[in-house]
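Please examine the model below and ask what justifies each term applied to it. The replies set values against definitions.

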Amino acid sequence: MRSAFAIMEKELRVYFTSPIAYVVTAVFVLITGYLFYSIVLFASSQSLQMMRVQGALPQINLNDLIFRPTFHNMAVILMLTLPLLTMRLLAEEKKIKTIELLLTSPVSLIAIIMGKYLAAMAVFTIMLLFTAYMPLLMGTYGSIQWMPILTGYFGVWLLGGVFIAVGLFASALTENQIIASFVGFGIVLILWLIGWIAQGMSDSPLGPMLAYLSIGEHTENFIKGLTDTQDLVYQASLIVVGLFLTHRVLESQRWK
Amino acid sequence: MIQVQNLTKRYGDHTAIEDVTFNVEKGEVLAFLGPNGAGKTTTMRILTGFMPATSGTATIAGHDIFDEPYEVKKRIGYLPESPPLYTEMTVTEYLRFIAKIKGIERKQRAQALTRALERCVLTEVRGRLIGNLSRGYRQRVGLAQALIHDPEVLILDEPTTGLDPKQIIEMRQVIKELAGRHTVILSTHILPEATAVCQRVIIIHEGRIVAVDTPDQLSAQLRQSEKIHLTLKTPQPETADVLKAVPGVLSVFHEPSSDGQVFIVECELGRDLRTELASQAVHHRWGLLELRAVTLSLEDVFLKLTQEEAPEITA
Ligand SMILES: Nc1ncnc2c1ncn2[C@@H]1O[C@H](COP(=O)(O)OP(=O)(O)OP(=O)(O)O)[C@@H](O)[C@H]1O
Ligand SMILES: [Mg+2]
């Protein structure tokens, strides 16, 4: 456990001495911020219109109107940016041969993987915290329900946890960071697209099954503010599977 | 300290090492000598637990490398062929990280760091980024990394490649100082290195051990006949014939050189004719400049063994 922390600390140091963590955070914060701004503009023009029609201040639900689309946007942008955060983690160690140092030190493979996973999770959590101004702003100028927002954030955080586990796995496959980022993105995209395919097949029995496998389906409930153990189990098992496969890949590479 | 038995490693159907067996005593410095692709790195990678062997066993400090990898790894310091460095870290940051993953207790880390910096003469560059250091300094950081937890066994893969002659001498000095306190295995193809720093040499070729011995013994084993090198300032035309007439002389080769004439006199095995030859030279006033017995250098031994692939010489 102590060695996992040593690895995590080292990864965080590398993240913050290289531009990558800053760039990924900046891109994420700027794009989500811009989209949030457009959503707020759109919502306020809509409610003004309703006021004119009804002649009174309408009962609008800020949670549904603003935060649900915002969480969706976050999910999509994370799908594009988190692979950039994870691509380095193992590919680089293999390329510069420092993997030889890690694997000949009295550190278990599990500690190495956990250290790296937790470091990426820490950076991602900081990224997500940067968007906290959104509910704070809305809470100040309007009335929002906090519970669904926290649940939504939790859902996005879990989703990012899956993306990072997948990205770490992709990084274990190759020495090339670019390839690692594309493979990571590809896998996540497939997990996402399963949901669309499921929608197209809603009348066949395969539909609900695919829908269950889709990652979007399980994030949707959290974004709506609903906590379902099934969703939690799904996301957690994807993370575990991702980390387990990473372990298998690294172990099998030793035997080659 | 180290027992290796019948270690074999195959990559697909390519055999990198086959049936490698040897022992290393505590405090000994042992060299792996062999040409490119001989299997030196492969053997070291197996011993350090980086990869498993196809078959065979090895124990280090009483712990089996396959059954107790964790115990073994704690006791080994390893400098791979290319030093495993994070170029974006400073020397101190890097060594602190190493100290942590090697499991050095928090209280002892500062002391271990200072000692490693001193032993590898890195104190002056401790605050520099590793990426900005010269090749020689990087190699020393690599060595400091292997030493920091004061391991019983050090495995150094070509520790002097890429260094300039001055740094090679410094690096060898550092390695010599490790002997006794640590058991050291190093690999090299720079042949005099083995003679300079090691008590025992293992010559490995195409994955097999072809010879194990001390540098002196190896050349003695291979000496086919005694040769004497003689440099004369003013030899006479009949000199070669006179030398040949000395009892025990088999043949005489003659070649001119810059500071006189060189005669290589080959004698019967086990006969040292140096005194006879000297008195002949003085007697005939040939102007004796130099007289010495020729022993095969390690280079000769090495070439001979690897070219002839003489397994019968295996000790
Ligand atoms: N990952 C690998 N896959 C396939 N073959 C390999 C691999 N690593 C090494 N080999 C082969 O195993 C043999 C031994 O290689 P090894 O690196 O141990 O040699 P070496 O003695 O260290 O050589 P050098 O002096 O060049 O460092 C070589 O023929 C090499 O081509
Ligand atoms: Mg090698």
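Q: What makes Met79(A) a bend in H3(A)?
A: A bend is the angle between axes fitted to the seven residues ending at a residue and the seven starting there. At Met79(A) that angle is about 35°, and a proline, Pro83(A), follows within four residues. Helices (H or I, at least four residues) and strands (E, at least two) are DSSP runs, numbered from the N terminus.

Q: On what conventions do such statements rest?
A: This is a predicted model, in which local features need pLDDT of at least 70 and side-chain atom pairs count only at pLDDT 80 or more, while totals for chains, interfaces and linings use all residues. Residues are numbered from 1 along each chain as its sequence is written, chains are lettered from A and ligands numbered from 1 in the order in which they are written, and side-chain values use heavy atoms, with hydrogens and water left out.

Q: How do you know that the span of helix H3 of chain A is close to the expected one?
A: The expected span is 1.5 Å times one less than the number of residues. Helix H3 (residues 62-86) of chain A has 25 residues, for which 36 Å is expected, and its first and last C-alpha lie 34 Å apart.

Q: What is the pattern of chain A along the sequence?
A: Chain A reads α-α-α-α-α-α-α-α-α-α-α-α, with 12 helices and 0 strands.

Q: Which elements of chain A have the lowest and the highest mean pLDDT?
A: The pLDDT is the predictor's confidence in each residue, from 0 to 100. Helix H10 (residues 206-213) has the lowest mean, 77, and helix H6 (residues 109-129) the highest, 97. Chain A as a whole averages 90, and 98% of its residues score at least 70.

Q: Why is the contact of Glu11(A) and Lys116(A) called a salt bridge?
A: The term requires a side-chain nitrogen of Lys or Arg within 4 Å of a carboxyl oxygen of Asp or Glu. The N to O distance here is 2.5 Å, so the pair qualifies. Glu11(A) lies in helix H1 and Lys116(A) in helix H6, so the bridge ties together parts that are 105 residues apart in sequence. Over all chains the count is 21 salt bridges.

Q: What makes a space a cavity and not a pocket?
A: On a 1 Å grid over the protein atoms alone, a 1.4 Å probe fits in a cavity but cannot get out, whereas a pocket is an open set with protein on both sides within 12 Å along at least five of seven lines. The structure holds 1 cavity of 30 Å³ or more; about 60 Å³ lies in the largest cavity. The largest pocket has a volume of about 440 Å³.

Q: Which helix gives the largest share of the lining of the largest cavity?
A: Lining residues have an atom within 4 Å of a point. H4(A) gives the largest share, 4 residues.

Definitions and conventions. Points joined across faces, edges and corners; volume = space filled by probe spheres on them.
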